[in-house]
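This briefing introduces one molecular structure to a reader who is new to the subject. Please keep the sequence and the structure in view while reading.

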Amino acid sequence: MKIETFELERTQSLWENRVKYNLTESGIHPYSLEELLDRDEMEKLLSLRLGYGQTNGSEELREAISRLYPGTDLDNVLVTSGSAEANFIAIWTYLNPGDELILMVPNYMQIWGIARSFGITIKPFHLKEELNWGPDLEELKNQISSRTKMIAVCNPNNPTGAVLSEEAMKEIVHLAEEADVLVYSDEIYRGAELAGEETPTFLGMYDKAIACAGLSKAYALPGLRMGWLVGPKKMIEKAWASRDYTSISSGILSNYVATLALQPELREKILSRNRRFLRENLAVLEEWLGKYNNLFSLIPPQAGGVAFPRYDMEINSTELATKIMQEKSVFIAAGDLFGMDHYLRIGIGSEKDYFTAGLSLIDETLQEIIHKYSG
Ligand SMILES: Cc1ncc(COP(=O)(O)O)c(C=O)c1O
């Protein structure tokens, strides 16, 4: 089997723990257990038997997850080891070699790579900067064929931070309904809105919608490795059967902590702390980009832990990001990792002091490049 390199994850795996300032993270400064749990909860955690637990997720956890999706109950939910496993299982279970998958791009390129390794044809439809990172729905419509089995979106989107409008969601559902295809929605950034309402889910809009999400991003708990799939019961049952072959179950400690994190009061506390981090750092970033006059342009993210500015310099994004990392030990993601040169993806979820210090270290290198390359 030919497995293409997942460039973003590979690059992050190599460098994220070796640099002084990692600004490639798309989530938010992670919680410690101490910050999250009270004494009784901590004692309960310590007394847990380290068994497998219920392999599709405990009833309490699946109930807590199902509360986030209208019209669902615990049997609509499969808990997975991170959303990455949810994405893997979904593509593996619901599609066949030779099928076509229409994928929103830019995107977290995991689905792209998995599907291609299984012999599924990917057809992109684009979020466009000139549409304020809105989707080109005409392009989506034109991509649908008799071989199409799934339309996959990432909403809120990684890397642009864009959120689909209600009309766009309705139109995607309408096109999927007409063609009788699945809508697969990676909603891992739902809950990390910088302002305004929580992003609506595709669940409940269409009976062939499946959502993926987890606790790694909006909830700042990536170390729990907690993700899930929510969808029609028969499809979730099928995904559970696939999961018997992948990781069997998630860690029982994570299952316990995740159940607590999703209780309404703690969930609200977590999400509002995280939104504050994002808002504060976006303001810092906008001020910093502003210093460079018109060199950068940014459509501010509506949700999620990253900003995706474009720059106007004749230097390739990988070259630029590498130079910054080598000279200043500040790690930012090159647009190339998303197939989009002349963009940078900057994580805005870290602690403010760390974020500010990382950005100011970049200044010297940038000044030097500006003299050399400004176009
Ligand atoms: C859109 C998207 N989906 C899934 C994942 C994987 O997340 P997890 O840590 O839950 O496996 C990521 C990670 O960056 C992501 O950006």
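The points below treat the ligand and its surroundings, then a pair of helices, then some details of the backbone.

The structure is a predicted model. The ligand has 14 residues around it, and the element that gives the most to this shell is helix H5, with 4 residues. Helix H5, which spans residues 82-94, also packs with helix H9, which spans residues 233-243.

**The ligand and its shell**

- Of the 14 residues around the ligand, those that come nearest are Ser-83, Asp-186, Tyr-189, Ser-216 and Arg-225.
- By class, the shell around the ligand consists of 5 nonpolar, 6 polar and 3 charged residues.
- A polar backbone atom of Ser-83 is 2.7 Å from an oxygen atom of the ligand.
- In the side chain of Arg-225, a polar atom lies 2.8 Å from an oxygen atom of the ligand.
- The side chain of Asn-158 has an N or O atom that is 2.9 Å from an oxygen atom of the ligand.
- The ligand taken alone exposes 400 Å², and the protein buries 94% of that area.

**The packing of helices H5 and H9**

- The axes of H5 and H9 are 9 Å apart, and the two helices pack at an angle of about 105 degrees.
- Angles of 65 to 115 degrees count as roughly perpendicular, and therefore H5 is roughly perpendicular to H9.
- On the side of H5, the residues that meet H9 are Glu-85, Ile-89, Trp-92, Thr-93 and Tyr-94.
- On the side of H9, the residues that meet H5 are Met-235, Ile-236, Lys-238, Ala-239, Ser-242 and Arg-243.
- The contact of H5 with H9 has 6 nonpolar, 2 polar and 3 charged residues.

**Cis peptide bonds**

- Val-105 and Pro-106 are joined by a cis peptide bond, with omega near 0 degrees.
- Pro-106 belongs to the loop between strand E3 (100-105) and helix H6 (110-117).
- The peptide bond that joins Asn-155 and Pro-156 is cis, and its omega is about -5 degrees.
- Pro-156 is placed in the loop between strand E6 (148-154) and helix H8 (166-179).

**A positive phi angle**

- Trp-133, a residue other than glycine, has a positive phi, near 60 degrees.
- The loop that holds Trp-133 runs between strand E4 (121-128) and strand E5 (134-135).

Definitions and conventions: Residues numbered from 1 in each chain as written. Predicted model: local features only at pLDDT ≥ 70, side-chain atom pairs only at ≥ 80, totals over all residues. Heavy atoms only, no water. Axes fitted to C-alpha atoms, helices over the stretch in contact; angles between N-to-C directions. Parallel < 35°, antiparallel > 145°, perpendicular 65-115°, else oblique. Contact = heavy atoms within 4.5 Å. Nonpolar A, V, L, I, M, F, W, Y, C, P; charged D, E, K, R; others polar. Near = heavy atom within 4 Å. Polar contact = N/O pair within 3.5 Å; in protein donor to acceptor, adjacent residues only side chain to side chain. Areas by Shrake-Rupley, 256 points an atom, 1.4 Å probe, with all protein chains shown as cover.
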